[in-house]
Amino acid sequence: MSDAALRPRRREDDLDGILLPSRTPLASIAIAVAAVIVITIVGFTLGTVDIGLSKALNTLHTGALGAFSTAVYHVISPGPAIGITVVVVAVIWWRTHDLRPALAFGGTIAITWVPAAVVKEIVHRARPDVAVLSHPFPVQPDPGYPSGHTVYITAFVIALIWLLRETRWHRLVLTLGVVAIVVVFFAVSIDAVHYPTDAAASILWSIAVAPGVRVVWVDWAMPRIPFLRGPRLRGNPPRR
């Protein structure tokens, strides 16, 4: 009898895809570290390079589109974003009766998201000058690069795609997730609370950093926490 026949079958709706170990852990971590360094350095060079694009996009901040972009900005501000993540983590825990995929999901988002706020303070790039905007948003007290909103939504989508990658929902979540990222990119740019380059750098940040974060948190750290240890999943590289 083959090993495949002896291996327990996974249900179509299992939500532990995020627990499957990386096949290239060291490369993922190296890319994440390099991305943090490069994105930070680039931030110091941008200045007001795309203020013209910010002004042009801000002219769209009228009527229903303006109301929508403002609503998007508020819905995934830090407080609501944390609340959304906690609710989804709770739903995953309830659905799977397993704390591991829930904390893998939440931890991957948080550890990708929080360091971006540190880089924001280090780079300290000013947000677009409200004095030159057609429809200025209330002045935000913190710097703008990278965009925390965009880092969050991109990390959220990536973690959700990993969570559902072995289910029938994977393709739908991938499609809707890309749409959500694009919507947030334009929302923060139309509000002109961020330069478009702030938002673009944030998407690149999450795409490059999240895989390394997942390796460190899910593959390395969680198995060392007694109550988060579980059976090895298929796909684990053999121990040497």
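This is a short dialogue on reading some features of the structure above.

Q: What kind of model is this, and how are residues numbered?

A: This is a predicted model, in which local features need pLDDT of at least 70, side-chain atom pairs count only at pLDDT 80 or more, and totals for chains, interfaces and linings use all residues. Residues are numbered from 1 along each chain as its sequence is written, and side-chain values use heavy atoms, with hydrogens and water left out.

Q: How many residues does helix α4 have, and what span does it reach?

A: Helices here are DSSP runs (H or I, at least four residues), numbered from the N terminus. The expected span of a helix is 1.5 Å times one less than its number of residues. Helix α4 covers residues 63–75, 13 residues in total, and its first and last C-alpha atoms span 18 Å, close to the 18 Å expected.

Q: Which residues of α4 are buried?

A: Buried means under 20% relative accessible area, exposed over 50%, and partly exposed in between (1.4 Å probe, protein chains only). In α4 the buried residues are Gly66, Ser69, Thr70, Val72 and Tyr73. They fall within an arc of 155° seen down the axis of α4, so they line one face of the helix; the arc is that of the directions from the helix axis to the C-beta atoms. Exposed residues Gly63 and Ala64 sit on the face turned away from the buried side of α4.

Q: Why can residues line one face of a helix?

A: An α-helix has 3.6 residues a turn, so residues three or four places apart point the same way.

Q: What covers the buried residues of α4?

A: Contact means heavy atoms within 4.5 Å. The cover includes α7 (148–163) and α8 (170–190).

Q: What does threonine 70 touch?

A: Threonine 70 belongs to helix α4 and counts as buried, at 17% relative accessibility. Not counting residues up to four places away in sequence, threonine 70 touches His61, Phe137 and Asp191. A polar contact is a pair of N or O atoms within 3.5 Å; within protein, one must be able to donate a hydrogen and the other to accept it, and residues adjacent in sequence count only if both atoms are side-chain atoms. One such contact, of 3.0 Å, joins the side chains of threonine 70 and histidine 61.

Q: At what angle do α5 and α7 pack?

A: Two packed helices are described by the angle between their axes and the distance between the axes. Axes are lines fitted to C-alpha atoms, for helices over the stretch in contact, and angles run from 0 to 180 degrees between N-to-C directions. Helix α5 (residues 78–96) packs with α7 at about 10°, their axes 11 Å apart. The two are therefore roughly parallel to each other, a label for angles under 35 degrees (over 145 is roughly antiparallel, 65 to 115 roughly perpendicular and the rest oblique). Among the residues that meet are Ile84 and Val88 in α5, and Tyr152 and Phe156 in α7.

Q: Where is histidine 97, and is it buried or exposed?

A: Histidine 97 lies in the loop between α5 and α6 and counts as exposed, at 69% relative accessibility.

Q: What is there to see in the backbone angles?

A: Most residues other than glycine have a negative phi, and most peptide bonds are trans. Histidine 97 has a positive phi of about 55° although it is not a glycine. Just after α6, histidine 124 also takes a positive phi of about 55°. Tyrosine 145 and proline 146 are joined by a cis peptide bond, with omega about -5°.
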